[in-house]
Amino acid sequence: MPTRTGQAIAYVRRSSNHDNGTTVSYVVQRQAVLELASRNGDPDPEIIEERGRSGADARNGSWGTGRGGKRRAWGQLRERIQAGEVSALYAYSLSRLARSIPELRALMGDCDQAGVRVHLTKEGTLDFGTASGRFTLNMLGALAEFEADVASERVREAHAVKRERGEVVNQLPYGWKKGENNKPEPDPEAQAVIRKAQAALEQHGTLRGAARELNAQGVPSPKGRAWNGESIGL
């Protein structure tokens, strides 16, 4: 195994984590990983955070963190390990580190080749240099993947129940808000803005013309920025 060199890395993913039915927040994960690194002689690891919407893709330059998305920080992490720039890798758990067994095997292969020790808050230090260690790793990876599948299934079932009740599941479109019993209802202030945008569009006949009119009137946009053709269209 190569000599330990490079920078210790703490990999933390911001999406929710289901740990035996409870939710472990990003703050708790981050603190636990940093404490683990300190106990292992790495008090100041470089933190790589995975951000984005779970399951998102590369549309509009936004990279997701979900099982179906492309994770930018994950790719950067592997590249740095392969380049010999990482001495140790810290993460909260296997489910926070990799989202499938093939992913886990690929990462562990990189770490094995580069001599990178992997330390996890939940599963401890991984040993993939022996047959028994690799067997244990595969079993833990299968369990983590199963837990992730069960958690996703529970979320889908909960959302289905909410939809049947007419409750809000995802983010509401502009002009609506959550009302009683978590059901959508019109947002009076936003609806007033929408009416002004419609009137400006009817008056000027173009999206840009309507945007100029709303900016001149000082009408606030949904995101608090200046109006433009795209925001009028949306």
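## A walk through the chain

Residues 24 or more positions apart make up 54% of this chain's contacts, counting those with a separation of 6 or more. Keep in mind as you look around that this is a predicted model. The chain has 234 residues, and 35% of them count as buried. Its secondary structure adds up to eight helices and nine strands. As for the outside, the accessible surface is about 13900 Å², with 48% of that belonging to carbon and sulfur atoms.

Let's start with a pair of rings. How many aromatic pairs does a search of the whole structure find? There is one. Its partners are Y11 and W74, and they meet edge-to-face, with 6.5 Å from centre to centre and 70 degrees between the planes. Those two values are given because a pair of aromatic rings is described by the distance of the centres and the angle of the planes. Now look at where the partners come from: Y11 belongs to strand β1 (residues 7–13) and W74 to helix α2 (residues 72–82), so the pair ties together parts that lie 63 residues apart in sequence. Are these two residues buried or exposed? Y11 has a relative accessibility of 1%, so it counts as buried. W74 is buried as well, at a relative accessible area of 9%.

Next, head over to helix α7, which spans residues 207–217. Which of its residues are buried? They are G209, A210, A211, E213 and L214. These buried residues of α7 pack against two other helices, α6 and α8. Just after α7 comes G218, and its phi is positive, near 75 degrees.

Two of those helices turn up again at our last stop, the largest pocket. Rolling a probe the size of a water molecule over the atoms shows where empty space is left. Here, the largest pocket has a volume of about 690 Å³. It is lined by 21 residues, and the ones closest to its centre are P222, W227, E230, S231 and L234. Which elements give two or more residues to this lining? They are α6 (188–204) and α8 (229–233). Of the elements, α6 gives the most, with five residues. Sorted by class, the lining holds 12 nonpolar residues, six polar ones and three charged ones.

To put the last two stops together, α6 and α8 are the helices that the buried residues of α7 pack against, and they also give residues to the lining of the largest pocket.

Notes: Residues numbered from 1 in each chain as written. Predicted model: local features only at pLDDT ≥ 70, side-chain atom pairs only at ≥ 80, totals over all residues. Heavy atoms only, no water. 1 Å grid on protein atoms, 1.4 Å probe; cavity = no way out; pocket = protein on both sides within 12 Å on 5 of 7 lines; lining within 4 Å. Points joined across faces, edges and corners; volume = space filled by probe spheres on them. Helix = DSSP H or I, 4+ residues; strand = E, 2+ residues; numbered from the N terminus. Nonpolar A, V, L, I, M, F, W, Y, C, P; charged D, E, K, R; others polar. Buried < 20%, exposed > 50% of the residue type's maximum accessible area, 1.4 Å probe, protein only. Contact = heavy atoms within 4.5 Å. Areas by Shrake-Rupley, 256 points an atom, 1.4 Å probe, with all protein chains shown as cover. Phe/Tyr/Trp six-rings, centres within 6.5 Å; stacked < 30°, edge-to-face > 60°.
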